[in-house]
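Open your viewer and get ready to select residues by number. We will go stop by stop.

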Amino acid sequence: MESQVRGGTRWKRFAVVMVPSVLATAAVGVGLAQGALAASFSVSGQQFKVTAGHLHGVGFAQYGGIDTVYKSTEGKEKTPVPVAISSFETARIDKMCQSVATKIPLIGKTVYLRLEAGNDPKKPVTAENLYIDVAQLNADAKFTNIDIGVAVQDKTRGPAVKEGESVLPGGFAQQAQTADLYGVEQTAWATTAGTFTLNGLSMRLGTDSEMECY
């Protein structure tokens with residue numbers, strides 16, 4: 001892996017935190033159709049899974065941060081968790097699948113919410129000013145004009161760090177002109193965006209664990 005490249009860099013099947021990633025949580029994704037959430041908010045105590053055939057992002061930056069997460073769905077206690085904040089000026093996503101599992105005490109079962117969108121190559125999922133708080137990512141990736149090790153406050157690509165975001169201004173960041181991810185498998189805590197368009201959206205609920213994206 002090259003630490004700084006003025007052309008293209010390709011990384012095969014990586015599974016690390018400080019890497020680019022994208023896609024959104026089910027409930028938040030639908031609510032962001034034509035708007036943006038506040039700069040900071042309390043994150044639910046549930047991670048969600050996402051897969052994608054291909055993500056093409058323009059204006060990418062990634063840096064470390066802290067989310068305030070509820071310890072459980074009861075919503076009584078919170079705890080800080082480290083995240084990798086992946087941000088894109090614009091993103092195009094093909095064959096997106098997203099799932100979240102919720103244990104329901106009253107019925108003694110786990111209910112799965114599954115979303116699919118962008119299955120038509122001519123109508124992909126699109127987003128602008130997109131931020132993803134990532135816990136884990138697996139993918140094949142290619143970057144153009146990538147800089148690794150730039151300070152967060154001095155990055156020149158990607159949307160600006162959100163006001164109120166818990167980050168270290170002089171901390172580690174990486175940025176690239178473009179990022180292409182293939183065969184994405186991701187776990188994340190939260191997503192915000194200026195606009196998020198889910199073309200061909202399909203949503204289902206069920207109790208079969210096979211409804212999870214992976």
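## Stop 1: Aromatic pairs

A search of the whole structure turns up two aromatic pairs. Here, rings of Phe, Tyr and Trp (its six-membered ring) pair if their centres lie within 6.5 Å; planes under 30 degrees apart count as stacked, over 60 as edge-to-face and the rest as tilted. A pair of aromatic rings is described by the distance of the centres and the angle of the planes.

Select Phe60 and Phe88. Their ring centres are 5.4 Å apart and their planes stand at 40 degrees, so this pair is tilted. The two rings link distant parts of the chain: Phe60 is in strand β2 (residues 48-70), Phe88 is in strand β3 (residues 78-94), and 28 residues separate them. Phe60 and Phe88 are both buried. Buried means under 20% relative accessible area, exposed over 50%, and partly exposed in between (1.4 Å probe, protein chains only). Now add Phe143 to the selection: Phe60, Phe88 and Phe143 form one aromatic cluster.

A word on the model before moving on. It is predicted: local features need pLDDT of at least 70, side-chain atom pairs count only at pLDDT 80 or more, and totals for chains, interfaces and linings use all residues. Residues are numbered from 1 along each chain as its sequence is written, and side-chain values use heavy atoms, with hydrogens and water left out.

## Stop 2: The whole fold

Zoom out and switch to a cartoon view. The protein has one helix and nine strands. Helices (H or I, at least four residues) and strands (E, at least two) are DSSP runs, numbered from the N terminus. Follow the chain from that end, and the elements run β-α-β-β-β-β-β-β-β-β. Of the 214 residues in the protein, 46% are buried.

## Stop 3: The nonpolar core

Which residues have the most contacts inside the largest nonpolar core? Select Val125, Phe143, Leu181 and Leu198: these are the ones, in a core of 32 residues. A nonpolar core is a set of buried Ala, Val, Leu, Ile, Met, Phe, Trp, Tyr and Cys residues joined through side-chain atoms within 4.5 Å. The elements giving two or more residues to this core are β2, β3, β4, β5, β6 (125-151) and β7 (172-192). Colour β6 separately, as its 10 residues are the largest share of the core.

## Stop 4: Strands β4, β5 and β9

Show β4 and β5 together. They pair in the antiparallel sense over nine bridges. Two strands pair if DSSP finds at least two bridges between them. Click Met96: its bridge partner in β5 is Ala117. β4 and β5 form a hairpin with four residues between them. Find Gly108 in the turn, where phi is positive, at about 65 degrees.

Now bring in β9. β5 and β9 also pair in the antiparallel sense, over five bridges. Leu115 has Met203 as its bridge partner in β9.

## Stop 5: The disulfide

How many disulfides are there? The count comes to one. A disulfide is a pair of cysteine sulfur atoms within 2.5 Å. Select Cys97 and Cys213, whose sulfur atoms are 2.1 Å apart. The link is left-handed, with -85 degrees about the S-S bond. It joins distant parts of the chain: Cys97 is in strand β4 (residues 96-104), Cys213 is in the segment after β9, and they are 116 residues apart.

Are these cysteines buried or exposed? Cys97 has 6% relative accessibility, so it counts as buried. Cys213 has 16%, so it counts as buried too.

## Stop 6: Salt bridges

The whole structure holds five salt bridges. A salt bridge is a side-chain nitrogen of Lys or Arg within 4 Å of a carboxyl oxygen of Asp or Glu.

Begin with Lys71 and Glu77. Their closest N and O atoms are 3.8 Å apart. Lys71 and Glu77 are both exposed.

Next, select Glu116 and Arg204, a salt bridge at 3.8 Å, N to O. Glu116 lies in strand β5 (residues 109-117) and Arg204 in strand β9 (residues 202-206), so the pair ties together parts 88 residues apart in sequence. Glu116, at 23% relative accessibility, is partly exposed. Arg204 is partly exposed as well, at 40%. Add Arg114: Arg114, Glu116 and Arg204 are linked in a network of salt bridges.

Finish with Glu165 and Lys162, which meet at 3.3 Å, N to O. Glu165 and Lys162 are both buried.
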